[in-house]
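Visitor: Could you take me through one part of this model, up close? I'd like to see how one strand sits among its neighbours and then what lies around the ligand.

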Amino acid sequence: MALKYLVTGASGQLGALVIDALLKAEDPASIGALVRRPEAAAALEAKGVTVRVASYTDAPALEAALAGVERLLLISSSEVGQRAVQHQTVIDAAKAAGVSFVAYTSILGAKTSPLTILPGEHVQTEEALAASGLPYAILRNGWYTENTVMAAPQAAESGALYGAMGTGKIAGAARADYADAAAKVLTGDLPASGTVYELAGDTGYSLTDFAAEIAAATGKPVAYTDLPQDAFAQALEGAGLPAPLAAMLADSDHGGSQGGLYSDDKTLSQLIGRPTTPWQTTLRAALV
Ligand SMILES: NC(=O)c1ccc[n+]([C@@H]2O[C@H](COP(=O)([O-])OP(=O)(O)OC[C@H]3O[C@@H](n4cnc5c(N)ncnc54)[C@H](OP(=O)(O)O)[C@@H]3O)[C@@H](O)[C@H]2O)c1
């Protein structure tokens with residue numbers, strides 16, 4: 001069956017928001033959602049979209065799932081370390097299935113980023129798309145404000161927000177902003193192949209700003225404590241995070257201290273036709 005759009009990672013937080021954004025503008029019959037777990041299908045089918053099932057690791061299933069698809073949004077996998085191979089498998093399947101356009105969710109400043117863990121697989125995927133011959137665009141998504149907000153309840157409780165970002169600023173935006181941008185690129189006149197969108201929030205904040213906003217929202221004192229990268233990784237591990245995740249978060253913070261999570265590029269708000277969601281709004285919504 002032909003599908004104008006297919007969104008991968010549709011069981012995830014960003015994917016679900018992209019499906020919702022597409023549904024505001026397009027016929028549900030034109031929209032497909034790719035999931036790897038059949039049990040994730042029901043919630044998406046209830047929205048009226050077509051669900052196809054395949055893992056990024058299963059080439060034959062992917063090729064079947066991509067049959068008849070015109071425009072594909074490849075949402076990057078959450079399995080850090082396996083992503084370059086997984087994304088290559090999706091790209092190969094898209095090519096074999098005759099998909100006519102692929103948009104891929106990469107990372108802000110992928111090729112120049114001071115972060116050392118996350119960008120590599122995104123760069124490999126960008127290069128795989130360029131080599132594939134498929135028409136494509138790159139959505140270099142900045143930091144989700146929701147990432148930083150995850151630390152807010154505990155910071156509010158303890159009065160201390162820890163990080164390794166120094167005075168670095170984050171030009172974050174809400175997942176819903178990046179989702180709206182992806183839907184715009186997917187549904188609009190297709191950009192020239194190879195177009196790169198650097199996507200960042202309209203305003204930046206430091207973790208000191210963030211701690212002050214938590215304090216203002218809760219009426220309790222909260223201060224930001226800056227730690228060396230290794231000490232922050234150890235603190236995260238001590239709080240129960242798996243070592244690779246702790247290392248990745250500490251590396252992202254350290255990269256953020258070098259400006260890696262900041263950009264004054266306003267492409268995101270231009271693309272979605274409205275200001276990006278203020279970080280304070282996302283934070284306060286999570287603290288109520
Ligand atoms: N910009 C940022 O700040 C930021 C932050 C975090 C992540 N990211 C990246 O952006 C992506 C989307 O973010 P998110 O918040 O929506 O993440 P998420 O909620 O963890 O969703 C990840 C999605 O990828 C799917 N997936 C993972 N491995 C897969 C595989 N082998 N085959 C098929 N599907 C697979 C997951 O399926 P299941 O539901 O079956 O697990 C899920 O649908 C992440 O995967 C990550 O690459 C960016």
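Guide: Let's settle one term before we start: a crossover counts as right-handed if, with the strands pointing away from you, the path from the first strand over the helix to the second runs clockwise. Keep in mind too that this is a predicted model. Now look at strand β4, residues 69-74, where five of the six residues are buried. On one pairing, β4 runs parallel to strand β1 (residues 3-7), with four bridges linking them; within that pairing, V7 has L73 of β4 as its bridge partner. β4 also pairs in the parallel sense with strand β5, residues 101-107, again over four bridges, and here R71 is matched with F101 of β5. Follow the chain from β4 through helix α4 (residues 83-97) to β5 and you have a right-handed β-α-β unit.

Helix α4 also takes us to the ligand: α4 and α1 (13-25) each supply at least two residues of the shell around it. That shell holds 21 residues, and the closest are S11, L14, R37, S76 and N147. By type, the shell splits into eleven polar, five charged and five nonpolar residues. As for polar contacts, a backbone N or O atom of G12 sits 2.9 Å from a ligand oxygen, while a polar backbone atom of S78 is 3.2 Å from an oxygen atom of the ligand. R83 uses its side chain instead, with a polar atom 3.1 Å from a ligand oxygen. On its own the ligand would expose 890 Å², and the protein buries 83% of that.

Note on methods:
Residues numbered from 1 in each chain as written. Predicted model: local features only at pLDDT ≥ 70, side-chain atom pairs only at ≥ 80, totals over all residues. Heavy atoms only, no water. Buried < 20%, exposed > 50% of the residue type's maximum accessible area, 1.4 Å probe, protein only. Pairing = 2+ DSSP bridges. Near = heavy atom within 4 Å. Polar contact = N/O pair within 3.5 Å; in protein donor to acceptor, adjacent residues only side chain to side chain. Areas by Shrake-Rupley, 256 points an atom, 1.4 Å probe, with all protein chains shown as cover. Nonpolar A, V, L, I, M, F, W, Y, C, P; charged D, E, K, R; others polar.
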